[in-house]
Amino acid sequence: MEQTVVKLLIGGKEYRAWQLVSISSKLLSYARVFRVGFTRESAGTGIGIKIGDLVRVKIDDDLVLTGYVTKTNFSYSEKGIELSIEGASKTVDLAEGYMAVKSVKQFTNLTVSQTLQLLAKPYGVSVVRQKAGKDPKASVAIAATDSIKKILDGVVKKHTLVITDNESGDLVMASPGGGGRTADSLELGKNVLSGDQTFDSSKLFSRYYVVGQRANSGSTHPVSVNGAFRYAEDSLVQRPRYYVEKLSGSPTAADLQQRSVLLAEYRRGQAQALHYTVQGWRQSDGSLWKVNRLCRVKDSILGVDAQYLITEVSFTKDSGGSKTQLTLMPPE
């Protein structure tokens, strides 16, 4: 049986021997999270841990999260003592925070990565660019009440980016599948404990419209009426069902078309997501399961024999042992 040790490194001390563990990372989330705990004995363990502490979480010697303690709970009753500690990647401050009131409220003539660096720097978060290809220009106007997540979401939407975090607590500009391939495939009868696939038509539409406004020097009308749109279709949906999304700024026709195609592909992927549970946290070569990796899935029950992208990984440990829950979507 796989033996793993989860360690919390805080203030030069190491805390381990957790009975309950949950560590989750999502490709389309800005911050991975963890929760650990114990019950009954070991009353002295973790007493000095407090919210706001800088923490590194390791599975054996593998770093899986760098961030902060965000919540602690210490309770006792006639049944015994219980301590739970929760935390999140350093990027959680970008997911929950806002710009300082007197800070710059417009970024122009900067690349996307430069814009993200300016947003992340006040929070002590570094930006890592793993996405191949051109680093496009970004123009971002910021209202005083805009959260950083809202600003990031706008940049992601306009430039069809994948932004996530990594083990070191950095904000990462990633390419889908940029993490490489898994060592193991997911195979029914080999390493899969359970699996499911739910087709949900509520996520699908026959046509995805993306609308925008752009300046037109030859128009006598204000920018607000110089509307433009593009759309993409999904042949899986036979009846009329329309989805409309607005792209801010002054998007080009190519921007609108690219976004509409992405929406159609992503929504189809959501509707075909796979969920699997495997024993343990490591693959046959000793490496941990990770998001943004391409994985071959062979499942005769669900009728799947294709390459999928891992979009979510959750490590859990309880009285039933250590398991990994995986969510996968078509790479598109």
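**A three-stranded sheet and its neighbours**

Hi everyone, let's start with one pair of residues: Arg129 stands opposite Met173, which belongs to strand β12. Before we go on, please keep in mind that this is a predicted model.

So which strands does that pair link? Arg129 lies in β9, which covers residues 127-129, and β9 pairs with β12 in the parallel sense over 3 bridges. On β12 there is another partnership to look at: strand β11, residues 162-165, pairs with β12 in the antiparallel sense over 4 bridges. If you want to find that pairing on screen, look for Asp165, whose bridge partner in β12 is Leu171.

Now put the three together. They make an open sheet in the order β9-β12-β11, and the pairing is mixed. β9 and β11 are the edge strands, each pairing on one side only. On average, neighbouring strands in this sheet are turned by 25° against each other, ignoring direction.

Let's stay with β12 for a moment, residues 171-174. Which way do its residues point? Leu171 and Met173 point one way, Val172 and Ala174 point the other way, and all of them are buried.

How do we get from β11 to β12? The two form a hairpin with 5 residues between them, and in the turn Gly169 has a positive phi of about 80°.

Next, the helices around here. Helix α2, residues 112-120, lies across β9, β11 and β12, and runs at about 160° to β9.

Then there is helix α3, residues 148-159. Here is a nice check you can do yourselves: with 12 residues at 1.5 Å a residue, α3 should span 16 Å, and its end C-alpha atoms are 17 Å apart, so the two agree. Which residues of α3 are buried? They are Ile148, Ile151, Leu152, Val155, Val156, Lys158 and His159. When you look at that list, remember that an α-helix has 3.6 residues a turn, so residues three or four places apart point the same way. Just after α3 comes Thr160, with a positive phi of about 45°.

Finally, let's zoom out to the whole chain. It has 4 helices and 21 strands. Along its principal axes, the C-alpha trace spans about 75 × 55 × 40 Å. How many of the residues are buried? Of 332, 45% count as buried. And if we take contacts between residues at least 6 apart in sequence, 67% join residues at least 24 apart. The chain exposes about 17300 Å², with carbon and sulfur atoms supplying 50% of that.

That's my tour, thanks for listening!

How values were computed. Residues numbered from 1 in each chain as written. Predicted model: local features only at pLDDT ≥ 70, side-chain atom pairs only at ≥ 80, totals over all residues. Heavy atoms only, no water. Buried < 20%, exposed > 50% of the residue type's maximum accessible area, 1.4 Å probe, protein only. Pairing = 2+ DSSP bridges. Expected span 1.5 Å × (residues − 1). Axes fitted to C-alpha atoms, helices over the stretch in contact; angles between N-to-C directions. Contact = heavy atoms within 4.5 Å. Areas by Shrake-Rupley, 256 points an atom, 1.4 Å probe, with all protein chains shown as cover.
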